[in-house]
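Visitor: I am new to this structure and would love a close look at a single part of it. Could you pick one and walk me through its surroundings?

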Amino acid sequence: MKFETNVKVRFCETDALGHLNNVSYFIYLEEARVEFFKKLNPDMTIENWNIILASTSCDFIKQVYFDEILTIETSVEKIGTSSFHIVHEVFNPAKEVVARGRAAVVHFDFNSQSSQPLPDFMKERLNKYYQEKISN
């Protein structure tokens with residue numbers, strides 16, 4: 001299963017060349033991740049947030065332009081003891097892949113400033129979105 005998020009390209013997110021600026025992709029991927037995290041743990045708030053980003057990357061495949069509605073499909077590629085890896089595929093309105101992103105995410109305790117094992121309920125929910133390695 002994949003989790004879907006839609007975003008609309010705003011004018012301010014384009015650059016002098018007229019296409020979506022590469023920095024904006026990371027903002028969209030963050031939006032998709034946050035919505036995905038809310039799905040994993042609906043009780044999570046900013047006061048009890050327990051997930052941090054360890055790394056992220058994005059491959060730019062096709063140009064994107066102002067006012068396009070993009071669909072971001074998020075799935076889980078790996079589930080570890082205290083972390084998981086997610087994959088994002090970004091599609092334009094013609095259903096073409098325009099970008100692929102990855103993120104390593106850590107379950108984190110801010111009080112002890114250390115990673116913590118993923119709770120069983122989160123592992124169960126992550127497994128619903130698990131997919132074998134997605135090729136680039």
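Guide: What follows is a close look at one part, then at its neighbours and a few other places.

A word on the basis comes before the tour. This is a predicted model, in which local features need pLDDT of at least 70 and side-chain atom pairs count only at pLDDT 80 or more, while totals for chains, interfaces and linings use all residues. Residues are numbered from 1 along each chain as its sequence is written, and side-chain values use heavy atoms, leaving out hydrogens and water.

Our part is helix 1, which covers residues 22–40. Helices (H or I, at least four residues) and strands (E, at least two) are DSSP runs, numbered from the N terminus. The expected span of a helix is 1.5 Å times one less than its number of residues. For the 19 residues of helix 1 that comes to 27 Å, and the end C-alpha atoms are 28 Å apart, so the two agree. At the N-terminal end, N21 acts as a cap, with a side-chain oxygen 2.9 Å from the backbone nitrogen of V23.

Now for what the helix hides. Here, buried means under 20% relative accessible area, exposed over 50%, and partly exposed in between (1.4 Å probe, protein chains only). The buried residues of helix 1 are S24, Y25, Y28, L29, A32, R33, F36, F37 and L40. Their cover includes strand 1 (3–8), strand 2 (51–60), strand 3 (69–79), strand 4 (83–91), strand 5 (97–109) and helix 2 (120–128); contact means heavy atoms within 4.5 Å.

S24 is one of these residues, and its relative accessible area is 6%. A polar atom of the S24 side chain lies 3.3 Å from the backbone oxygen of E13. A polar contact is a pair of N or O atoms within 3.5 Å; within protein, one must be able to donate a hydrogen and the other to accept it, and residues adjacent in sequence count only if both atoms are side-chain atoms.

Follow the helix inward to the nonpolar cores. A nonpolar core is a set of buried Ala, Val, Leu, Ile, Met, Phe, Trp, Tyr and Cys residues joined through side-chain atoms within 4.5 Å. The largest one has 15 residues, and F36, F37, F84, I86, V105 and L126 touch the most other members. At least two residues of this core come from each of helix 1, strand 4, strand 5 and helix 2. Helix 1 gives the largest share, 3 residues. Another core, of 14 residues, lies apart from this one and has Y25, C58, L70 and I72 among them. Back in the largest core, the residues that F84 touches include F37, L40, V105, M122 and L126, leaving aside residues up to four places away in sequence.

Aromatic rings join in as well. Rings of Phe, Tyr and Trp (its six-membered ring) pair if their centres lie within 6.5 Å; planes under 30 degrees apart count as stacked, over 60 as edge-to-face and the rest as tilted. By this rule there are 8 aromatic pairs. One of them is the edge-to-face pair of F36 and Y129, 5.1 Å centre to centre with 85° between the planes. F36 belongs to helix 1 and Y129 to the segment after helix 2, so the pair ties together parts that are 93 residues apart in sequence. F36 is buried at 0% relative accessible area, and Y129 is buried at 5%. F37 and W49 have ring centres 6.2 Å apart and planes at 65°, so they too form an edge-to-face pair. Since F37 lies in helix 1 and W49 in the loop between helix 1 and strand 2, this pair ties together parts 12 residues apart in sequence. F37 is buried at 5%, whereas W49 is partly exposed at 23%. Ring pairs also link F3, F36 and Y129 into a cluster.

The loop between helix 1 and strand 2 also holds E47. E47 is exposed, with a relative accessible area of 70%, and its side chain makes a polar contact with that of T45 at 3.1 Å.

Lastly, a look at the cysteines. A disulfide is a pair of cysteine sulfur atoms within 2.5 Å, and the whole structure has 0 of them. The sulfur of C12 is 18 Å from the closest cysteine sulfur, in C58, which is too far for a bond. C12 is exposed at 61% relative accessibility, while C58 is buried at 12%.
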